[in-house]
Amino acid sequence: MDLALVWFLLLAVLWTGYLVLEGFDFGVAMLMPFAGRTNTERRVALNTIGPVWDGNEVWLLTAGGATFAAFPEWYATMFSGFYLPLLLILVALIVRAVAIEYRGKINSEAWRRRWDRVIIGSAWFPSILWGVAFANLVRGVNLDEDHQYSGTFFDLLNPFALLGGAVTLVLFLSHGAIFLALKTDGIVRERAEKQARQFSLYAIVIAGIWAVWGQIAYSNATWTWGAVGLAALSLIAARFFIGVEKFGLAFAANAIAIAAAVVFIFGSLYPDVMPAINDPANSLTVANASSTDYTLKVMTWVAVIFTPIVLAYQAWSYWVFRKRLSVEHIPEHNELTFTKA
């Protein structure tokens with residue numbers, strides 16, 4: 001198999017890992033004011049992601065680095081054309097890291113609430129903007145003969161892209177609520193279960209409309225109907241498992257739906273990586289955007305050696321912090337304590 005195609009598929013895997021794992025991080029953060037009405041309850045929600053959120057971001061760094069190395073033309077065009085939304089995402093991720101670390105530095109309710117707002121806001125922005133970005137890739141953008149973006153920022157805010165932003169928003173909210181129901185006990189869990197039931201229904205409707213629209217209007221392949229169908233069935237299954245309080249299965253079903261969405265996005269793109277909606281001849285493809293064969297060979301060997309190590313370490317960290325949390329586990333005067341199994 002052509003190594004450029006291999007790395008196109010590997011990028012899909014990396015984005016799947018990022019969206020599944022960071023998706024519940026964003027969801028939990030956005031749900032903090034609903035799941036936790038007191039400082040201790042909000043800390044229960046925050047502590048569920050405390051040990052893992054920074055590790056989950058590694059998937060984004062790896063996906064970005066792999067895109068830069070494997071498809072430099074795609075990276076250059078995407079990061080210049082989508083500069084403002086990607087900058088906003090980067091700033092939100094940086095601010096979130098600061099907020100999580102600074103929240104417990106001063107024993108003041110006003111101080112904590114101020115940083116809570118930052119954590120919540122820094123989850124809302126990326127949750128919407130990632131959907132806008134991916135939807136624009138599926139739809140296509142204006143590219144000139146040199147494969148450079150020739151549109152404006154407001155061209156990216158088209159109806160299909162905005163609906164894509166709504167899709168990732170509700171998917172992450174549902175994913176985060178399910179994760180909270182899995183990782184907490186007591187009143188926080190009860191609220192999370194209620195929110196999971198609500199947002200899982202929104203996800204079925206909004207994601208269904210967007211996927212059918214994208215398949216009919218923009219997909220390059222008919223087989224991606226299978227990905228659309230799998231995503232729909234998975235979201236319906238997640239809603240069913242939430243109803244019977246089997247949240248482990250609901251989380252798995254939601255993860256499969258996100259993976260199917262990534263398959264749909266990448267399958268709809270291929271053989272392009274960035275379609276030109278104004279002139280298909282200007283499109284960036286897997287072939288004309290990729291690095292040299294030698295570069296791809298070196299990357300492949302590095303991935304073969306180090307990927308299992310990273311996956312093993314991350315799996316171990318989830319196992320260590322597998323225990324459910326409740327308000328009884330939160331020390332009164334230790335804001336930065338994370339509960340181990």
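Is R139 buried, exposed or partly exposed? In this predicted model, R139 counts as partly exposed, because its relative accessibility is 24% and the buried class ends under 20%. The residue sits in helix 6. Leaving out residues up to four places away in sequence, R139 touches D155, N158, F160, Y218 and I277. A useful exercise is to find R139 and Y83 together in the viewer: 56 residues separate R139 from Y83 along the sequence, and their C-alpha atoms are 18 Å apart in space.

With that residue as a starting point, the view can widen to the whole chain. The chain contains 11 helices and 2 strands. Followed along the sequence, these elements give the pattern α-α-α-α-α-α-α-α-α-α-β-β-α, so a reader tracing the chain passes ten helices before reaching the strands, and then one more helix. The C-alpha trace spans about 60 × 40 × 35 Å along its principal axes. How does the radius of gyration fit with that of a compact globule? For 341 residues, a compact globule would have a value near 20 Å, and the chain has 20 Å, so the two agree. Of the 341 residues, 51% are buried. The contacts also tell something about how the chain is folded together: among contacts with a separation of 6 or more, 78% join residues that are 24 or more positions apart.

The next feature to look for is the open space in the model. The largest pocket has a volume of about 650 Å³. Its lining is made up of 26 residues, and those closest to the centre are V58, T62, T307, V310 and L311. Which helices each supply at least two residues of this lining? They are helix 1, which covers residues 3-35, helix 3, at 53-70, and helix 11, at 293-320. Helix 11 gives the most to the lining of the largest pocket, with 14 residues. Sorted by class, this lining holds 21 nonpolar residues and 5 polar ones, with no charged residues.

The second largest pocket encloses about 520 Å³ of space. It is lined by 25 residues, and L60, G64, F79, L86 and W130 lie nearest its centre. Two or more lining residues come from each of helix 3, helix 4 (72-81), helix 5 (83-102), helix 6 (109-139) and helix 10 (247-269). Helix 5 gives the most here, with 7 residues. The lining of the second largest pocket consists of 22 nonpolar, 2 polar and 1 charged residues. Helix 3 is worth a second look, since this helix supplies residues to the lining of the largest pocket and also to that of the second largest.

Attention can now return to single residues, beginning with another arginine. R42 lies in helix 2, which runs over residues 39-49. Is R42 buried or exposed? With a relative accessible area of 4%, R42 is buried, because the value is under 20%. Its side chain is joined to that of E109 by a polar contact of 3.1 Å. Leaving aside neighbours within four places in sequence, R42 is in contact with M32, G36, R37, R103, E109, R113 and D116. E109 therefore appears both as a polar partner of R42 and in the list of its contacts.

Some details of the backbone complete the picture. Most residues other than glycine have a negative phi, and most peptide bonds are trans. Against that background, three places in the chain are good to inspect. H147 has a positive phi of about 65° although it is not a glycine. H147 is found in the loop between helix 6 and helix 7, the latter covering residues 159-183. With a relative accessible area of 18%, H147 is buried. E245 is also not a glycine, and its phi is positive at about 60°. E245 is found in the loop between helix 9 (224-243) and helix 10. At 47% relative accessibility, E245 counts as partly exposed, because the exposed class begins over 50%. The last of these places is a peptide bond: the one from Y270 to P271 is cis, with omega near 10°. P271 is found in the loop between helix 10 and strand 1, and the strand covers residues 272-274.

Notes:
Residues numbered from 1 in each chain as written. Predicted model: local features only at pLDDT ≥ 70, side-chain atom pairs only at ≥ 80, totals over all residues. Heavy atoms only, no water. 1 Å grid on protein atoms, 1.4 Å probe; cavity = no way out; pocket = protein on both sides within 12 Å on 5 of 7 lines; lining within 4 Å. Points joined across faces, edges and corners; volume = space filled by probe spheres on them. Helix = DSSP H or I, 4+ residues; strand = E, 2+ residues; numbered from the N terminus. Nonpolar A, V, L, I, M, F, W, Y, C, P; charged D, E, K, R; others polar. Buried < 20%, exposed > 50% of the residue type's maximum accessible area, 1.4 Å probe, protein only. Polar contact = N/O pair within 3.5 Å; in protein donor to acceptor, adjacent residues only side chain to side chain. Contact = heavy atoms within 4.5 Å. Rg over C-alpha atoms; globule rule 2.2 N^0.38 Å.
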